[in-house]
Structures are given as C-alpha cells and as structure tokens.
Amino acid sequence: MLKMEKGHIFIIGVLVVFCCLGAAAEYKVYKDPKKPLNRRIKDLLQRMTLQEKIGQMVQIERAVASPEVMKNYYIGSVLSGGGSAPGPQATPETWIDMVNDIQKGSLSTRLGIPMIYGIDAVHGHNTVYKATIFPHNIGLGATRDPELVKKIGAATALELRATGIPYTFAPCIAVCRDPRWGRCYESYSEDPKVVESMSGIIQGLQGAAAYSRKGVPFVDGKKKVAACAKHYVGDGGTTKGMNQNDTVTSYHGLLSIHMPPFDDSIIMGVATIMVSYSTFNGVKMHANRHLITAFLKNTLKFRGFVISDYKGIDQITSPIHANYTYSILAGVGAGIDMIMIPNNYTEFIDGLTFLVKRDFIPISRIDDAVKRILRVKFIMGLFENPIADYTMVNYLGCKVHRELAREAVRKSLVLLKNGESADEPLLPLPKKASKVLVAGTHANDIGNQCGGWTIQWQGQSGNITTGTTILDAIKNTVDSETNVVFHENPEVKYVKSNDFSYAIVVVGEPPYAEGYGDSLKLTLPESGYNTIANVCGVVRCVVVLITGRPVVIGPYIAQMDALVAAWLPGTEGQGVTDVLFGEYAFSGKLPHTWFNSVDQLPMNVGDHHYHPLFPFGFGLTTQPANIITNFI
C-alpha cells in the first residue's frame with residue numbers, strides 16, 4: 001500500500017512538472033504588454049515565417065477580405081477605398097461587425113497578429129452616413145486656428161472609433177502651389193508655415209505625447225487612432241497642378257517648401273506616412289530610395305511604417321502594371337513597408353516571395369518593414385484590444401461634433417468684398433426683411449456643400465447624408481415674418497418682377513476628387529455665372545462661393561455687392577449664416593493666392609510676378625450685428 005502511494009505521488013509530481021513546463025512554454029513575450037516595446041517586436045519577429053512576414057506587408061480592400069483570406073495569407077491590413085462601405089447608409093454597428101469579423105480571421109492565425117483597418121477620414125469620417133463632415137482642409141487653413149484643428153482631429157478619432165476603425169489615411173499635408181490641382185482643397189495652404197501649424201491635427205487624432213523620442217509613433221489609447229501624413233513628398237508642386245505629375249524643383253526647393261510639414265509630423269509621433277503618386281524631377285516617389293530610406297527613415301529618423309498609395313507601386317511602370325515584379329522590387333526596395341495592393345494580393349505575395357528567395361530583396365529589408373508595422377500595432381494597443389464594441393457608437397455625428405464643425409465653418413469664411421466702400425457694406429444682412437431671394441445650385445444641396453471625399457470617392461450632388469443646407473440655415477436664421485424664396489436658376493425677368501429686399505446667391509464647383517478635379521480653366525459651370533449675372537444685376541446680392549480652390553470670378557465682381565469664399569464647408573451650413581447675418585464676425589484669411597487669370601499660374605506669395613486679384617492672407621472683417629446695433 002505504501003509503495004502504491006509513493007507511486008501515485010511520483011506520477012502526480014511528474015504531471016505537475018509537465019504542467020508547469022507547459023505553462024512556461026505558453027508564455028510569449030510579445031503578448032505581454034508589460035514588456036519593453038523592442039523586446040516584444042524582437043520576440044514576435046523571430047517566431048515569424050517568411051510567409052507570415054510578407055502577409056504583414058499586405059493591405060487589401062475590404063471587398064476582397066474575409067476571415068478565411070486573413071487566416072490563410074496572414075494579411076496585415078485592410079482598407080476601405082473611397083466610398084467602400086459594408087452597405088448603403090450602413091450603421092456604426094454594421095461597420096463594427098464587419099471590422100470585427102475580418103479581425104477574427106487574423107486572430108485565428110498561429111501567432112494571432114491583429115490586422116489594422118484603415119480608411120480615408122479626410123474631413124471627418126466622410127465615408128460613413130450621418131457622420132459629422134467638417135470643412136475640407138483649405139477651409140481649415142483659412143481659419144489660421146491650430147487649436148481648432150486639433151479639436152477636429154480628436155472628434156474625428158472618436159467618430160472613427162465609433163465604427164470600430166483605428167486608422168485613418170489623414171492628414172494630407174501637401175503644400176498646394178497650383179490650384180489647378182484637383183486635390184488642392186486637401187491642402188491647408190500654399191504656405192508651408194500654415195501647413196506646418198495645421199499638421200497639429202495629428203495630435204488631435206493620435207494624442208499628444210508628453211515625451212516621445214523623435215520618430216517613434218504615439219497613439220494614446222482606445223479613443224485615439226493612428227494617423228497618416230501624406231503624400232510624401234511634393235505632390236502639391238506638380239507641373240500645371242496635374243495629379244500624379246512631375247514636381248520639377250531643386251532639392252533645396254523640395255526641402256524648404258514641401259518637406260517641413262513632414263518633419264513636424266514625425267516630431268509629433270505620426271504613426272504612418274503615405275508615399276505620393278507624383279515624381280520628383282522624373283523619379284517616381286514610389287521608387288525613390290534616397291527620399292524614402294536615406295532621408296525619411298535615416299535622416300529624419302521616422303520609426304513608423306511607410307505605406308504606398310492605392311495601387312501606387314503599379315504606377316512605377318508605364319504603362320501601369322506593365323512589369324509588376326519590377327514594381328515590387330522597386331517599391332519595396334525603395335523602403336515602402338506596407339503595400340496598398342488592394343485587390344490582387346496573391347500576385348504581390350507570390351512576387352515578393354520569389355524576389356526574397358532569389359536574393360533580389362534581402363530579408364533585412366523585409367524585417368525592417370515588419371518591425372515597423374508591428375511597432376505601430378503594439379503602440380496602438382491592438383494586441384490587447386483587437387476587437388471593437390458598441391460603447392462608442394453615439395459619438396458618430398453627435399451634437400458636440402456638429403457644433404465644432406459649425407464653429408469651423410464660420411471661422412473658415414473669407415470675406416472678399418463688402419459693398420463698394422466701407423461706408424456702404426451689405427454684410428451683415430438684416431434678419432428682418434419683407435422678401436429674400438436665395439438662388440444657386442449650391443444653396444440647397446448637401447452633397448455640393450461637402451464636395452469630394454464624401455460618402456463616395458468623388459463626392460456626389462444631392463441629399464447624400466444628414467446635415468443643414470445653407471438654404472435651411474437661412475430659413476432657421478431670419479425673422480419669422482421674413483419670406484424666403486428659393487429659385488435655383490432664376491431669369492432676369494423673374495427677379496425684376498419680385499420686390500426682393502436682397503439676394504443670397506450660392507454657387508460653386510460640382511463635387512470632385514483626385515484626377516477628375518484637375519482643371520486648366522478653373523471656371524464655374526456656366527449656370528453659376530448666369531445666376532450671378534441674372535440676380536446681382538437686378539437686386540443687392542451677396543455671392544457665396546462653394547469651391548475647393550480659387551476660381552475665375554474677377555469679371556463678375558463689379559455686379560456683386562458682397563463676395564464670400566466659403567470653400568467646402570461640410571454638413572453644418574448654419575455656420576455660414578452665423579456670419580452672414582452677423583451673429584459672429586468674419587475672420588478668415590485666404591490660405592491661397594486668388595489669381596486674376598489662370599495664365600498667371602502658378603503664382604504664390606513671394607513670387608516676383610505677384611499680381612493677384614486677392615493676395616494670400618487677404619480677408620475683410622466685420623463686427624457682429626449686436627455690436628453694430630449697440631454702437632448705433
């Protein structure tokens with residue numbers, strides 16, 4: 001009996017030892033948030049196969065993502081391209097469920113590395129129905145208010161998290177030097193100093209680090225998101241402003257005009273940087289090893305990851321995708337860490353695997369890319385909190401954010417003309433009048449008011465999301481006895497036959513985004529000019545321009561009593577009437593030079609041939625109506 005008891009004790013002892021050894025074997029340094037960041041990265045990297053490493057470098061479109069794809073190919077990231085959503089008018093809960101479903105595929109892999117989901121939230125969470133749409137960057141540049149822009153970044157981060165998304169491809173910190181570029185509204189200004197000051201939106205999106213070694217990414221918890229400074233570098237300086245064209249300038253010109261915002265972003269701990277489609281003196285940026293590896297990574301000490309643009313490496317060759325193996329070699333070899341493929345991921349995986357196994361791309365380059373991607377994921381807390389829940393859904397389009405957007409709108413408005421002289425101003429408008437005419441294609445159209453990158457990639461006219469149109473804002477603002485009459489394109493005869501006290505004409509550009517928005521003429525649609533002529537030639541009028549850049553307006557100014565540049569204000573049209581009717585003063589300043597003729601372009605402040613219609617920094621001011629009343 002004693003022998004049997006000793007035998008049992010021995011067996012139990014052996015089992016205990018094996019259990020302890022098993023528990024020890026299960027412990028993984030990379031899963032321990034208490035361990036130093038670099039130890040976690042090193043531990044995980046040494047466990048990864050080549051296939052798992054290459055998978056981390058892949059970003060695919062949500063339309064081709066599934067739990068099975070994520071698990072089988074170890075995909076590191078998923079994105080929503082422009083307008084890509086889980087369904088029309090999808091709710092925050094639907095977005096969260098989609099992201100989580102994809103994430104569960106990643107977590108089911110051998111090492112359980114979470115994927116990172118990204119989206120273009122460039123003026124609010126603009127792909128999502130009912131989100132707060134803030135003014136585009138050109139309008140924010142007009143505010144000259146960096147603290148406001150940080151608040152907008154923080155609000156945007158909350159709305160992203162409301163849909164389970166932790167990563168945005170924003171901000172665009174291009175320095176637009178030619179308004180013919182269709183992305184000029186994504187640029188805060190032609191002046192790099194203004195762009196630098198506005199790049200503080202990164203601290204709103206990611207949080208502000210109390211102390212961070214230069215170049216090390218920083219994301220402050222579950223209410224913040226990873227940002228992406230784009231597009232590196234020089235995309236705002238292309239010839240004739242054509243998208244993806246060549247930026248022809250000296251190295252000094254590149255460093256002094258286009259590079260400073262990126263240096264500032266790196267100091268603030270930006271998590272990722274996106275490479276530009278454009279070329280620099282004939283060299284494709286996606287293949288520019290000197291600027292990506294030698295300068296960005298080694299000189300500026302950027303420690304986050306570098307991501308390509310959408311099919312960016314495909315465009316290294318001409319025609320596009322002519323030699324994809326070479327594009328992979330050139331792009332990854334230049335220092336790009338994550339490739340926005342976005343659909344044919346197996347072609348990329350097979351191509352990169354071939355290049356590594358044949359020693360065309362050294363494994364050290366792959367390890368550098370994966371270390372950077374893992375660094376961002378660890379810093380974001382994705383390993384500890386990979387799954388989103390519904391606790392933040394009420395942030396989407398909430399009242400506080402809409403009030404913030406309204407503030408941004410009123411601070412972005414630039415008053416270019418107000419009466420023939422200071423003694424005869426039209427603005428602020430009286431709220432009490434017998435009959436007021438509101439005209440123009442952009443007065444009652446939320447899609448036109450928001451511009452490109454709203455719900456759809458190129459934007460769309462019409463009632464595409466919730467918000468307040470400028471017409472509704474006017475009706476909300478005027479006295480209850482004031483008769484507001486809306487006629488989109490009135491004829492002269494109609495205007496003359498009505499005894500209007502004054503008119504508000506709201507016209508502008510149709511929505512557009514990159515490529516489609518490039519314009520050598522910079523004119524409004526003919527209907528816009530006709531409306532200005534028909535109305536302003538008959539009755540006292542203020543013209544409100546809804547545009548993504550300065551446009552041809554000089555020949556029509558004499559007919560107007562007042563002219564306001566409202567840029568692309570977003571969903572909160574009440575901000576426009578706050579200032580038109582004098583509840584707040586005009587304070588915006590031009591972020592871009594307003595040309596006399598397109599023949600002058602490119603023309604920027606400081607140029608020797610500088611003869612603008614309105615100079616950079618111009619903006620008339622008014623006093624609020626209550627101050628005027630009290631003064632009188």
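Biologist: Let me get the classes straight before we start: Ala, Val, Leu, Ile, Met, Phe, Trp, Tyr, Cys and Pro count as nonpolar, Asp, Glu, Lys and Arg as charged, and the others, Gly among them, as polar. On that basis, how many residues of each class are in the lining of the largest cavity?

Modeller: Happy to help, and keep in mind that this is a predicted model. The lining of that cavity has 12 nonpolar, 5 polar and 1 charged residues.

Biologist: Nice. Which residues are closest to its centre?

Modeller: Ala121, Val122, His123, Asn137 and Ile201 are the closest, out of 18 lining residues.

Biologist: And which helices each supply at least two residues of that lining?

Modeller: Helix 6 (137-143), helix 7 (146-161) and helix 9 (201-206) each do.

Biologist: What volume does this cavity have, and how many cavities of 30 Å³ or more does the whole structure hold?

Modeller: The largest one is about 140 Å³, and the search finds 5 cavities of 30 Å³ or more.

Biologist: Switching to strands: in what order do strands 5, 7 and 10 sit in their sheet?

Modeller: The order is 5-7-10, in an open sheet with parallel pairing. Strand 5 (228-232) and strand 10 (305-307) are the edges, each pairing on one side only. On average, neighbouring strands here are turned by 25 degrees against each other, direction ignored.

Biologist: Which helix packs on that sheet?

Modeller: Helix 11 (residues 260-267), which touches strand 5 and strand 7. Its direction makes about 155 degrees with that of strand 5.

Biologist: How many bridges join strand 7 to strand 10?

Modeller: There are 3, with strand 7 covering residues 272-275. As one example, Ile273 has Val306 of strand 10 as its bridge partner.

Biologist: Now the backbone. Where are there cis peptide bonds?

Modeller: One runs from Ser318 to Pro319, and Pro319 is in the loop between strand 10 and helix 13 (324-334). Another joins Leu427 and Pro428, with Pro428 in the loop between strand 12 (414-418) and strand 13 (435-439).

Biologist: And what about phi of Lys130?

Modeller: Lys130 has a positive phi, near 75 degrees. Its place is in the loop between strand 3 (116-119) and helix 6. Most residues other than glycine have a negative phi.

Biologist: Last one: where does pLDDT stay under 50?

Modeller: Over residues 9-23, which have 0 contacts beyond four places in sequence in the model. Residues 628-632 are below 50 as well, with 2 contacts beyond near neighbours in sequence. The chain averages 95, and 95% of the residues score at least 70.

Key: Residues numbered from 1 in each chain as written. Predicted model: local features only at pLDDT ≥ 70, side-chain atom pairs only at ≥ 80, totals over all residues. Heavy atoms only, no water. Pairing = 2+ DSSP bridges. Helix = DSSP H or I, 4+ residues; strand = E, 2+ residues; numbered from the N terminus. Axes fitted to C-alpha atoms, helices over the stretch in contact; angles between N-to-C directions. Contact = heavy atoms within 4.5 Å. 1 Å grid on protein atoms, 1.4 Å probe; cavity = no way out; pocket = protein on both sides within 12 Å on 5 of 7 lines; lining within 4 Å. Points joined across faces, edges and corners; volume = space filled by probe spheres on them. pLDDT = per-residue confidence, 0-100.
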